[in-house]
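I opened a fresh page for this one. Strands first, then loops, then odd backbone spots and cysteines.

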Amino acid sequence: MDQMIAWTEVGSVADIPRQGSRVVKTAFGDVALFRTATDEVFALEDRCPHKGGPLSQGIVHGRRVTCPLHNWVIELATGEAVAPDEGCAGHVPVRIEGGVISLALAARTPGRGGCHG
Ligand code: FES
């Protein structure tokens, strides 16, 4: 069912430390890949919806990351800020096959206009 989606390989799960992240440069800007303690991988624009902080340098806990600048908490699965904060970091669909991570960059949800636009 993926025929309409262009997937771009960006490395392997093993390249990302557990509860850590890695930045991938793309034509759409920097994308932060996050790996949870349970080996799920999520991708968000590396730009906090608050003031543009580097989410890739935040702390991963559960399925969330805390921005290093002012401690906003962002849901990795959606890019949305956890209430009471509001905003969206922009979410990029991730596929993992044989430990290789691919991103659907063209299908990303740009964050600057919010998640719901
Ligand atoms: S820039 Fe991320 S919380 Fe302020």
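**Entry 1: strand β4.** I began with β4, where five of the five residues are buried, so this strand is largely enclosed by the rest of the structure. My cut-offs: buried is under 20% relative accessible area, exposed is over 50%, and partly exposed is in between, with a 1.4 Å probe and protein chains only. Strands (E, at least two residues) and helices (H or I, at least four) are DSSP runs numbered from the N terminus.

Before going on, a note on provenance: this is a predicted model, with pLDDT of at least 70 needed for local features and 80 or more for side-chain atom pairs, while totals for chains, interfaces and linings use all residues. Residues are numbered from 1 along each chain as its sequence is written, and side-chain values use heavy atoms, with hydrogens and water left out.

Which way do the β4 side chains point? I found Val41, Ala43 and Glu45 on one side and Phe42 and Leu44 on the other, all of them buried. Glu45 is in that buried set too, which I underlined.

**Entry 2: partners of β4.** I looked up what β4 pairs with, where pairing takes at least two DSSP bridges between two strands. Strand β3 (residues 29-35) runs antiparallel to β4 and is joined to it by five bridges. Phe34 has Phe42 as its bridge partner in β4. The β3-β4 hairpin has five residues between the strands, and Asp39 there takes a positive phi near 70 degrees.

Strand β8 (residues 91-92) also runs antiparallel to β4, with two bridges. In that pairing, Ala43 is matched with Val92 in β8.

**Entry 3: the three-stranded sheet.** What is the strand order in the open sheet? I read it as β5-β6-β7, with antiparallel pairing. β5 and β7 (73-75) are the edge strands, each pairing on one side only. Neighbouring strands in this sheet are turned by 30 degrees against each other on average, direction ignored; the axes are lines fitted to C-alpha atoms (for helices, over the stretch in contact), and angles run from 0 to 180 degrees between N-to-C directions.

I checked one pair in detail: β5 and β6 (residues 64-66) are antiparallel over three bridges. His61 stands opposite Arg64 in β6.

**Entry 4: the loop between β4 and β5.** Two residues here got my attention. Ser56 lies in this loop, and at 11% relative accessibility it counts as buried. What does Ser56 touch? Counting contact as heavy atoms within 4.5 Å, and leaving out residues up to four places away in sequence, I listed Ser21, Val23, Ala32, Phe34 and Asp46.

Gly58 sits in the loop between β4 (41-45) and β5 (59-61). Gly58 is buried as well, at 16%. With the sequence neighbours up to four places away left out, Gly58 touches Val65, Thr66 and Pro68. I also took the C-alpha distance from Gly58 to Phe34: 9.9 Å, for residues 24 apart along the chain.

**Entry 5: backbone oddities.** Most residues other than glycine have a negative phi, and most peptide bonds are trans, so I went looking for exceptions. Gln19 is not a glycine, yet has a positive phi of about 55 degrees. Gln19 lies in the loop between β1 (8-12) and β2 (20-26) and is partly exposed, with a relative accessible area of 43%.

Asn71 has a positive phi too, about 65 degrees, and is not a glycine either. Asn71 lies in the loop between β6 and β7 and counts as exposed at 54%.

Where is a cis peptide bond? I found one joining Ala83 and Pro84, with omega about 10 degrees. Pro84 belongs to the loop between β7 and β8.

**Entry 6: cysteines.** How many disulfides does the whole structure have? I got zero from the search, taking a disulfide as a pair of cysteine sulfur atoms within 2.5 Å. Cys48 is buried at 2% relative accessibility, and Cys67 is buried at 1%.

**Entry 7: the record.** The unreviewed UniProt entry annotates residues 8-103 as "domain: Rieske". Its positions are given in the numbering used here, feature names are shortened, and such annotations may be inferred rather than shown by experiment. I checked the span in the model: residues 8-103 are 0% helix and 45% strand, and the end C-alpha atoms are 5 Å apart.
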